[in-house]
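This report goes through one protein model, from confidence to cores, one helix and two single residues.

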Amino acid sequence: ATTLVFERRRAEVGSEIDAEIRFSGERQGVAAWLADPAPIASLDFISANAYLVTSVAAKDGAVLFDELLGMVAETGPDALAELEAFEDEVGINLRDDFASAVGGEGTFAVDGPVLPIPAWKLVVEVYDPATLDHSIRTVIARANDELATSGGQPISVATENAGGLRYTSITHPSSPVAFTYVMTEGFFIAGSNRAAIEQAISVRDSGLGIAHSAVFRDLLPDNGFTDCSALFYRNLGPIFGTLPTGALGELGEYEALLLESAAPGLFCVYGLSDRILISGSGPSLAALGPLFGASSFMAFEGITEAVESTRGADQLSSQS
């Protein structure tokens, strides 16, 4: 049996939400992929000025892959054969060359200038940098073989050494977005350019990552936990000051929703032995829908509004 308890409260800015998914025993399957609450070290590379941050601490990559492989095998006898055929074609073993090379912790953030292309960062725990780097290059080489066969332009891979680190940049003529990465101190750090990665390392070295900032810590739920298993943070207010005059007006009906999302907000997820807790506060989730183009945020907001209007209270409990 699984029980869901959900509570939403109106706050001074936006909403406060608490949810709990209870299981009849220990978490199993996908629900068990989430790690116990613990410090997420990859957050140390993200500055306190980040606009959007998503972090997760899960089981190690190899463990997740094995469990996912078991699920794939259950879908039919041909599923594993198709996977093996793909590995043969690309020239890699997904488990040994990718999954086993990485840990279970990672963070993605929009952190830096947003124009002309938003500066982003991806920080993932890595156990075997050499294997992961080789695997990435192998996939690109195979992709270039296919592009050459079809007459397409190749993907370029450039490497440069600076500050004792090796930076690798991946570009393609058809895309304005570059992918640059480096591996250091047990992490794979990727970004929109080398400057974004250097800034991430500088933030880590200074000890001034977002998890130590007053804005972030003031938003942590007062529920007895000092760490999360996963989190979603946003602070979109400063981003509007960087937009050209009149840019928001071009958004029409979405302008008010985006302005509503300007205030900082933080949602934390906690993986416990027999339950998953979600707690946080901030702007309406519906306000984020246009930003991501995700209708799920809108649907979630509509459901909660309906619950409020029909039941006259912000609490929903269901059991199955």
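## Confidence

Among the elements of the protein chain, strand β9 (residues 187–191) has the highest mean pLDDT, 97, and helix α10 (residues 295–311) the lowest, 37. The pLDDT stays below 50 over residues 285–320, a stretch that nevertheless has 65 contacts in the model beyond near neighbours in sequence. The structure is a predicted model. For the protein chain, the mean pLDDT is 81, with 78% of the residues reaching 70 or more.

## Overall composition

The protein chain has 320 residues, and 39% of them count as buried. Its secondary structure comes to ten helices and 13 strands. Of the contacts in the chain with a separation of 6 or more, 64% are between residues 24 or more positions apart.

## Nonpolar cores

The largest nonpolar core holds 18 residues. Those touching the most other members are Leu 43, Val 53, Ile 210, Phe 216, Leu 231, Tyr 233 and Leu 266. At least two residues of this core come from each of β3 (52–57), α6 (214–219), β10 (230–234) and β11 (265–271). Strand β11 gives the largest share, three residues.

Phe 216 illustrates the packing. Neighbours within four places in sequence aside, Phe 216 is in contact with Ile 210, Ala 211, Leu 231, Tyr 233 and Leu 266. Another core, of 13 residues, lies apart from the one described above; Ala 101, Val 124, Ile 140 and Ala 190 are among its members.

## Helix α5

Helix α5 (residues 194–206) has 13 residues, which at 1.5 Å a residue should span 18 Å. The C-alpha atoms at its ends are 18 Å apart, in agreement with that value. At the N-terminal end, Asn 193 acts as a cap of α5, with a side-chain oxygen 3.2 Å from the backbone nitrogen of Ala 195. After the helix comes Gly 207, which has a positive phi, near 75 degrees.

Which residues of α5 are buried? They are Ala 196, Ile 197, Ala 200, Ile 201 and Val 203. These residues lie on the same side of α5, because they cover an arc of only 155 degrees around the axis. In an α-helix there are 3.6 residues a turn, so residues three or four places apart point the same way. The buried residues of α5 pack against β5 (120–126), β7 (165–171), β8 (179–184) and β9. Ala 195 and Asp 205 are exposed, on the face of α5 turned away from the buried side.

## Ser 42 and Thr 75

Is Ser 42 buried or exposed? Its relative accessibility is 0%, so Ser 42 counts as buried; the cut-off is under 20%. Ser 42 sits in the loop between β2 (15–23) and β3. Its side chain makes a polar contact, at 2.7 Å, with the side chain of Thr 107. Leaving out neighbours within four places in sequence, the residues in contact with Ser 42 are Glu 105, Gly 106, Thr 107, Val 123 and Phe 187.

Thr 75 also belongs to a loop, the one between α1 (61–74) and α2 (79–90). Thr 75 has a relative accessible area of 64% and is therefore exposed, as the cut-off for that class is over 50%. A polar atom of the Thr 75 side chain lies 2.5 Å from the backbone oxygen of Val 72.

Note on methods:
Residues numbered from 1 in each chain as written. Predicted model: local features only at pLDDT ≥ 70, side-chain atom pairs only at ≥ 80, totals over all residues. Heavy atoms only, no water. Core = buried A, V, L, I, M, F, W, Y, C linked by side-chain atoms within 4.5 Å. Buried < 20%, exposed > 50% of the residue type's maximum accessible area, 1.4 Å probe, protein only. Helix = DSSP H or I, 4+ residues; strand = E, 2+ residues; numbered from the N terminus. Contact = heavy atoms within 4.5 Å. Polar contact = N/O pair within 3.5 Å; in protein donor to acceptor, adjacent residues only side chain to side chain. pLDDT = per-residue confidence, 0-100. Expected span 1.5 Å × (residues − 1). Arc of directions from axis to C-beta.
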